[in-house]
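Trainee: I would like to go through the terms used for this entry and see what each one rests on. Can we take them one at a time?

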There are 2 protein chains.
Amino acid sequence: MEDLTNVYFTPLPDSPYVKPFRFNYTQNGMEKTWDLLEVHDSVAIIVFNVSRNVMVFVKQFRPAIYYNHIQPQDRKEKVIDTAKYPAALGIALEMCAGIIDKIKPVEEIAREEVLEECGYDVPLEKLQRITSYRAGVGVQGALQTLFYCEVTDDMKTEQGGGVDDEIIEVIEKSIPEVEEMVSSSGPIPSPPSCLFALMWFLHYKAHQFRK
Amino acid sequence: MEDLTNVYFTPLPDSPYVKPFRFNYTQNGMEKTWDLLEVHDSVAIIVFNVSRNVMVFVKQFRPAIYYNHIQPQDRKEKVIDTAKYPAALGIALEMCAGIIDKIKPVEEIAREEVLEECGYDVPLEKLQRITSYRAGVGVQGALQTLFYCEVTDDMKTEQGGGVDDEIIEVIEKSIPEVEEMVSSSGPIPSPPSCLFALMWFLHYKAHQFRK
């Protein structure tokens with residue numbers, strides 16, 4: 001995962017992932033504009049392994065995080081110096097998640113992501129829908145639906161790690177390690193959706209699994 | 001806030017807010033690309049009014065959320081039918097927050113946002129830095145620093161509501177109302193950073209203020 005070379009930036013071509021546009025509107029008589037992106041809705045799943053009382057995370061290299069570590073003057077280099085900026089800077093710790101790019105019930109998409117990323121084959125009825133919210137209010141406003149799912153070691157039928165060219169590592173943390181993670185003074189290499197999921201688990205579920 | 005007309009979409013011109021580009025890299029020998037945006041770091045502040053035991057929220061119209069309510073076929077209309085899609089669909093409830101676009105300590109920027117958006121004039125030493133995290137890992141990876149701040153009615157020296165052409169309404173919720181909000185089955189019209197902040201408050205602070 002941390003073997004990173006030949007990093008460089010180019011203008012955005014016509015992209016299936018990032019579709020920026022300008023939103024024009026008149027609010028209370030004032031003409032305004034807002035620049036935003038069209039993005040997919042998504043699912044995220046809190047996976048807790050009750051055989052060993054550990055939370056399951058996915059760890060992966062995230063270009064967006066890596067990029068934000070690069071000093072503005074170094075961003076102008078033709079190729080980024082990966083000795084100065086090693087891949088580890090861009091590694092994120094997240095909940096299992098995926099975009100909704102198929103016409104299927106969200107539960108089914110969540111089930112597939114748990115299998116593909118984490119390797120657990122979970123019956124649909126084990127997926128508890130928690131809530132949904134807006135994944136970003138600035139340039140994105142798509143809906144993310146959050147699930148909670150308890151798994152056992154028996155359900156681990158595959159390796160996980162993603163599909164196609166995804167490079168995903170499955171990581172486990174005990175409840176005290178999760179508490180330590182959210183109490184860190186930061187920077188935590190995780191998105192707020194992951195931190196919300198962790199706090200939700202600590203507040204509503206963790207007591208059941210403490211000795 | 002809910003007087004909305006003349007909504008239409010245009011291609012993105014050269015924008016100071018949304019700067020999309022393609023990130024090219026080779027990971028474990030595989031050539032890959034990722035499309036992302038350059039965005040500013042930001043601050044968010046949990047504001048709790050201890051005179052009346054209420055949490056302070058900001059409510060505003062968010063084009064990104066509004067856009068996501070519009071059916072794909074209706075997005076192609078020259079002008080969006082605001083009778084079919086009223087502004088209320090795009091109203092978000094968030095923590096006080098702002099981008100870091102000045103060279104100033106983050107605490108100072110947080111202090112200014114609390115004053116501009118919520119109207120409370122808070123001494124710097126009342127701002128408790130909680131943590132920082134990555135505000136999105138897909139197309140954005142900028143850092144958001146979260147603060148907690150207790151205010152009193154005495155500190156409310158201004159109206160709040162934002163600066164320039166911002167239209168922001170200050171909303172207060174009691175602790176039971178906050179609990180109800182995060183327990184909702186959704187969609188919650190808030191971003192995950194707001195939900196993380198609420199869960200953090202409920203888990204670590206709320207007990208001090210319960211009768």
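Trainee: Why is B:K102 called partly exposed?

Mentor: Buried means under 20% relative accessible area, exposed over 50%, and partly exposed in between (1.4 Å probe, protein chains only). B:K102 has a relative accessibility of 37%, so it counts as partly exposed. The model is predicted, so local features need pLDDT of at least 70 and side-chain atom pairs pLDDT 80 or more, whereas totals for chains, interfaces and linings use all residues. Residues are numbered from 1 along each chain as its sequence is written, chains are lettered from A and ligands numbered from 1 in the order in which they are written, and side-chain values use heavy atoms, with hydrogens and water left out.

Trainee: What makes B:K102 and B:E112 a salt bridge?

Mentor: The rule asks for a side-chain nitrogen of Lys or Arg within 4 Å of a carboxyl oxygen of Asp or Glu. For B:K102 and B:E112 the N to O distance is 3.1 Å, and the pair passes. B:K102 is in the loop between β7 and α2 of chain B and B:E112 in helix α2 of chain B, ten residues apart, and the pair links distant parts of the chain. B:E112 has a relative accessible area of 15%, so this residue is buried. Applied to all chains, the rule gives 22 salt bridges.

Trainee: How do you know what the salt bridge of B:R52 and B:E172 ties together?

Mentor: First the distance: N to O is 2.6 Å, which satisfies the rule. B:R52 lies in the loop between β4 and β5 of chain B and B:E172 in strand β10 of chain B, so the pair ties together parts that are 120 residues apart in sequence. B:R52, at 40% relative accessible area, is partly exposed, and B:E172, at 33%, is partly exposed too.

Trainee: Where in chain A are the partners A:E108 and A:R111?

Mentor: Both are in helix α2 of chain A, three residues apart, about one turn of the helix. An α-helix has 3.6 residues a turn, so residues three or four places apart point the same way. The side chains of A:E108 and A:R111 form a salt bridge at 3.8 Å, N to O. A:E108 is partly exposed at 21%, and A:R111 is partly exposed at 21%.

Trainee: How do you know that the span of helix α2 of chain A is as expected?

Mentor: Helices (H or I, at least four residues) and strands (E, at least two) are DSSP runs, numbered from the N terminus. The expected span is 1.5 Å times one less than the number of residues. Helix α2 of chain A (residues 106-118) has 13 residues and should span 18 Å; the end C-alpha atoms are 18 Å apart, which agrees. Just after this helix, A:G119 has a positive phi of about 85°.

Trainee: Which residues of α2(A) are called buried, and what covers them?

Mentor: The buried ones are A:I109, A:A110, A:E112, A:E113, A:V114, A:L115, A:E117 and A:C118. The cover includes β4, β5, β7, β8, β9 and β10 of chain A, where contact means heavy atoms within 4.5 Å.

Trainee: Why are the two copies described as related by a two-fold rotation axis?

Mentor: Two copies of a chain are related by a rotation about an axis and a shift along it. Copies are superposed by least squares on the C-alpha atoms of residues with pLDDT of at least 70 in both. Chain A goes onto chain B by a rotation of 180° with 0.0 Å of shift along the axis, at RMSD 0.0 Å. The copies are thus related as by a two-fold rotation axis. In chain A, the C-alpha nearest the axis belongs to A:F196, 2.0 Å from it. Both copies use the same surface, since 100% of the contact residues of chain A recur in chain B.

Trainee: How many residues and how much buried area make up the contact of chain A and chain B?

Mentor: The contact takes 83 residues from chain A and 83 residues from chain B. Buried area is the accessible area (1.4 Å probe) that two parts lose on being put together, summed over both. For chain A and chain B this is about 7200 Å², 61% of it on carbon and sulfur atoms.

Trainee: What makes B:R75 and A:E38 a salt bridge?

Mentor: Their side chains meet at 3.7 Å, N to O, which meets the rule. The count between chain A and chain B is two salt bridges.
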